[in-house]
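Please open the model in your viewer and keep a selection tool at hand. The stops below are meant to be taken in order, each with something to select and something to look for.

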Amino acid sequence: MNETFQSASQGEAPILELEGVQKSFGAVRALRDGTLSVRPGSIHALIGENGAGKSTLVKIVAGVHRRDGGDLRFRGESVDFASTAESKAAGIAVIYQEPTLFPDLSVTENIFMGRQPLLSGRRIDRGAMHAEATSLFRRLGVDLDPRRLARGLSIADQQIIEIAKAISLDAALLIMDEPTAALSGVEVERLFQVARSLRDEGRGLVFISHRFDEVFALCDTVTVMRDGAYVATQALADTTVDALVAQMVGREVGELFPKTPAPVGDVVLSVEGLTSAGVFHDVSFEVRAGEIVGLAGLVGAGRSEIARAVFGVDSYDSGTVRLDGREVRRGDPRGAVRAGMALVPEDRRKQGLVVEGSVARNIASVIRRGLSTAGVLTGSAEDRASSPWAAKLQVKTNALDMPAATMSGGNQQKVVIAKWLATEPKLLIIDEPTRGIDVGTKSEVHRLLSDLAGQGMAIVMISSELPEVLGMADRVLVVCEGRISAELDRADATPEKVMLAATRRNDQEVHA
Ligand SMILES: Nc1ncnc2c1ncn2[C@@H]1O[C@H](COP(=O)(O)OP(=O)(O)OP(=O)(O)O)[C@@H](O)[C@H]1O
Ligand SMILES: [Mg+2]
């Protein structure tokens, strides 16, 4: 057993130290002063706005990128990892938001990839591997079948498998880059329990998140970054959300949720009896011009599925969708766009972005038909159409012709939102509008939605953040197990009422 794990006192030497680490990509200075010191037996939060350099710092530690300058020490020794394999072998594990398991291998095979125990005669000892995997899961307090294929596992389970792999490799440092973005409340709690037990074993953990409630619930220490540089490190017990926001942003942040009342116009969207067997049932609602209707509920309640059906990316069994009184054909997203609908999907990286394309091309992609003269779209027309929207969303890029793949996670999210707003839809459906978006831009996104409603747009907003729903929505529809379990006016919508309706079982259904 490694000595580092024996005791975890506060005074112990740091396991990971970065000082003045630098990294540029061409003209982009992603990291000017990467400075971080993580003690064993500690969960260290790393926070900062979108594009602050957090993921770049992590990738240097992980051996994905090589630094241009500065010091990097692991367990007291200066290191320079040329590959992820080197970083792993040294005892560093990184869990990304989207794990990369092999779908056609079993859970066990994914854990022991490339280092299967052999029986004499060089046969792989599967029994021993499954037993080892089972004992790892038991230690982590999770219930997973090691023999099943990785295909179809939830993101939460895939992350647990990555963590099990890290432990089996005896990683002394575990870095989690926005691991909770795609998890439900219960899954977040399970991940936190696992993280705490690893901390108690004396490992060092780094946790990246845009959610302050998570940072305060899990971590003991926090380092703030801004514009690629270190700002401050402090104990979380000695600081507040406001103080951290001030350090992150370096300026005043606008009020979150600035929804201003707007005159309500005619019905824009009318959904009647929408049903998709086993997914959602008899869903009916209307949205008027100038209105923001919030869809609240637990993750998995069926909100995104309803949105996808209304927009036509998924089909449904029965019911009708009307826009401005005219029926929208089932399963025809192009028709929906022509009729004036836009859907900003939840998983923007997978569903919303052409990562090889430039920022301008991404933003202009849906309005291309309108922009092109004689079918040819010039680069400058793309720039002209996209730059006002990029500016409104504070997309931080030096040039609109930069490939979207090289942007930070949060900035990619903003590009997808900008792309759909550029179509100037009558109805905007936006799924988790501020997920992965930093606190400074969050209020900008809220202001933008409020302005758009003020100009007469009808908006459906799905959000798992209760304060966001309550702050932004004129009306809240609560979805529970595929049904609308309550409809609450802004004035009536309290956290208690929404939570109650979100967890209500079918047989207790009521329409408020
Ligand atoms: N491979 C790359 N090529 C060019 N620029 C890059 C590359 N990777 C990152 N960058 C730039 O480096 C800066 C820092 O990005 P990084 O991903 O580290 O931010 P982040 O703090 O993780 O942000 P977020 O909270 O949005 O995930 C950004 O301006 C980004 O566009
Ligand atoms: Mg990042």
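Which residues does I60 touch, not counting residues up to four places away in sequence? Select I60 together with V21, K23, L31, H65, R67, L72 and F81, because these are the residues that it touches, where a contact means heavy atoms within 4.5 Å.

Before going further, a word on conventions. This is a predicted model, in which local features need pLDDT of at least 70 and side-chain atom pairs count only at pLDDT 80 or more, while totals for chains, interfaces and linings use all residues. Residues are numbered from 1 along each chain as its sequence is written, chains are lettered from A and ligands numbered from 1 in the order in which they are written, and side-chain values use heavy atoms, with hydrogens and water left out.

**First stop: around I60**

I60 is found in helix α1, residues 54-61; helices (H or I, at least four residues) and strands (E, at least two) are DSSP runs numbered from the N terminus. With a relative accessible area of 2%, I60 is buried, a word used for residues under 20% relative accessible area, as opposed to exposed at over 50% and partly exposed in between (1.4 Å probe, protein chains only). Add Q22 to the selection: Q22 and I60 are 38 residues apart in sequence, yet their C-alpha atoms are 9.6 Å apart in space.

**The whole chain**

Now zoom out to the protein chain, whose secondary structure comes to 18 helices and 20 strands. Of its 512 residues, 52% are buried. Among the contacts between residues at least 6 apart in sequence, 67% join residues at least 24 apart.

**Second stop: ligand 1**

Select ligand 1 and the 19 residues around it, of which G51, K54, T56, S408 and G410 come nearest; a residue is near a molecule or strand if one of its heavy atoms lies within 4 Å of it. Three side chains are worth showing as sticks here. A polar side-chain atom of T56 lies 2.6 Å from an oxygen atom of ligand 1, an N or O atom in the side chain of S55 is 2.8 Å from an oxygen atom of the ligand, and for a polar side-chain atom of N50 the distance to a ligand oxygen atom is 3.0 Å.

**Third stop: helices α4, α5 and α6**

Two packed helices are described by the angle between their axes and the distance between the axes. Select α4 (residues 126-140) and α5 (residues 155-168), whose axes come within 10 Å and cross at roughly 105°; axes are lines fitted to C-alpha atoms, for helices over the stretch in contact, and angles run from 0 to 180 degrees between N-to-C directions. The two helices are therefore roughly perpendicular to each other, since angles of 65 to 115 degrees count as such, with those under 35 roughly parallel, those over 145 roughly antiparallel and the rest oblique. On the α4 side the contact is made by L136, F137, R139 and L140, and on the α5 side by I160, I161, I163, A164, I167 and S168.

Next add α6 (residues 185-200), which packs against α5 at an angle of about 10° with the axes 10 Å apart, and this makes α5 roughly parallel to α6. Here A156, D157, Q159, I160, I163 and I167 of α5 meet E187, R190, L191, V194 and L198 of α6.

Stay on D157, which is buried at a relative accessible area of 17%. Its side chain is joined to that of R190 by a polar contact of 2.7 Å, that is, a pair of N or O atoms within 3.5 Å; within protein, one must be able to donate a hydrogen and the other to accept it, and residues adjacent in sequence count only if both atoms are side-chain atoms.

**Fourth stop: T180**

Move to T180, in the loop between β7 (173-177) and α6, which counts as buried at 7% relative accessibility. The side chains of T180 and E214 make a polar contact of 2.7 Å.

**Last stop: helix α9 and an unusual phi**

Helix α9 (residues 303-311) has seven of its nine residues buried, so it is largely enclosed by the rest of the structure. After α9 comes G312, with a positive phi near 100°. Finally, select E432, which has a positive phi of about 50° although it is not a glycine, in the loop between β17 (427-431) and α16 (439-454).
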